[in-house]
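Please load the model in your viewer and keep the sequence panel open beside it. We will go from stop to stop, selecting as we go.

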Amino acid sequence: MYELTSADRNAPPYDGPALSVTDVRAVVRDGWYNAFADLVVWRDYYWLSYRRGTKHHADHGMVVVLRSSDLQRWQEVAVLDRPQGISGVIDSGVQDGHFCVAGDRLCITINTRVPTEEYLSWTDDGINWSEPLLQTMEGFEPFIWRMTYHDDRFWCATSGPESDPLYLIVSDDGIIWTEHARIAGTNVHDWSGETDLLFRPDGELWCVVRSEWPGVFFRSRPPYTEWEGGHSIGLCDAPSICEADGEVFVAGRLRVPLFEGDLRLHPQGTTGVYHLRRGGARPLLAFPVGGDSAYSGLITTGPGKLAIAYFSDVAYWSGVLPPKSADRYQYKVTDCDIYVAEIDIVNG
């Protein structure tokens, strides 16, 4: 669990929910660098995606899709390779993929490197996946990291050229995108393309974006052209937002105390979950720290219940397991596993 820092102790008393991990398990452990997980519910199944590769970056990477009826037993149902074909260029493979439930259709984005391009594939039956189509936008190539489907349209927050400014973009088909509004302009830390959006029941739209240091929180009312907020919520790389029991939670990479010991390269944080409110966020829990851990998908599985899929190399950094692929401390090259954890929401 996350330990309160001195800054946390000086904060106003917290009266929100707590989180309790009831189960955590590795669902993929096969000697690859498995990373960049996502998790959704569609047609009464759980769907988990991750990037299987040789290292942290895109070299020899492809997106794997798993399906489960119980979060325990998983079947591989699709492997999505680089849509441009094999290039032979280092780091030219698939980097990551993320789901978007669009009514009766399950979509997945496919991000490739060298060149950096975004593709969209979808399935109507869970078995057959469409040919990936290139996502485009006039003016610059959009980085569609996570997209959200709302009122028969696709929505995404993304940074412009040179990581500036931060835009809200929209699409009718998930393929051709247009600018809807500017969320924020210049940021001294640079905006990342790693964002997530949440449409609240009252119509307000919430956005969390990774920057070079903090995660930043914005919000807007319809028609989502004027934005306010800009609160720093602490480190929150690769945010994933979920609403459950009327509360909003954000999973991402948190900064927590590091392992002790003689490690050649120290980890910078680990997967954790914040409670998000209009004024900011409070960290509620963090998973064990490894050399690299984050990039998660967070969902609700019922009243008082959350589930999260994330990646971590903690088993190898801690020495519990010997890696198959590289020397023990070869940062961002050694094995990584995909974990699923189930979490209870405990009302404050």
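The tour begins with confidence, moves to a sheet and ends at some cysteines.

**Stop 1: colour by pLDDT**

Keep in mind that this is a predicted model. The protein has an average pLDDT of 89, and 91% of the residues score at least 70. Select strand β11, residues 148–150, to see where confidence is highest, at a mean of 98. Then jump to helix α1, residues 6–9, where confidence is lowest, with a mean of 42. Widen that selection to residues 1–9: the pLDDT is below 50 over this stretch, which has 14 contacts in the model beyond near neighbours in sequence. Residues 258–266 also have a pLDDT below 50, and beyond near neighbours in sequence that stretch has 14 contacts in the model. Where pLDDT is low, the predicted coordinates should not be read in detail.

**Stop 2: the open sheet**

Next, select β6, β7, β8 and β9, which line up in that order as an open sheet of 4 strands with antiparallel pairing. Which strands stand at the edges? They are β6 (94–102) and β9 (133–134); each has a single partner strand, so one side of each is left without a neighbour in the sheet. Even so, 8 of the 9 residues of β6 are buried, so this strand is largely enclosed by the rest of the structure.

**Stop 3: the hairpin and the next pair**

Zoom in on β6 and β7, which pair in the antiparallel sense over 8 bridges. The two strands form a hairpin with 2 residues between them. Click on G103 in the turn, where phi is positive, at about 65°. Beside the turn, find A102 and, opposite it in β7, R105.

Now follow β7 (residues 105–112) across to β8 (residues 117–123): this antiparallel pair has 7 bridges. Here you can pick out N111, with E118 of β8 standing opposite.

**Stop 4: the cysteines**

Finally, show the cysteine side chains. How many disulfides are there? The count comes to 0, with a pair of sulfur atoms counted when they lie within 2.5 Å. Start at C100, whose closest cysteine sulfur, in C107, is 5.5 Å away and therefore too far for a bond. C100 is buried, at 4% relative accessibility.

Then go to C207. Why is there no bond to C156? The sulfur of C156 is the closest cysteine sulfur to that of C207, but the distance is 9.0 Å, too far for a bond. C207 is buried too, with 0% relative accessibility.

Notes. Residues are numbered from 1 along each chain as its sequence is written. This is a predicted model: local features need pLDDT of at least 70, side-chain atom pairs count only at pLDDT 80 or more; totals for chains, interfaces and linings use all residues. Side-chain values use heavy atoms; hydrogens and water are left out. Two strands pair if DSSP finds at least two bridges between them. Buried means under 20% relative accessible area, exposed over 50%, partly exposed in between (1.4 Å probe, protein chains only). pLDDT is the predictor's confidence in each residue, from 0 to 100. Contact means heavy atoms within 4.5 Å.
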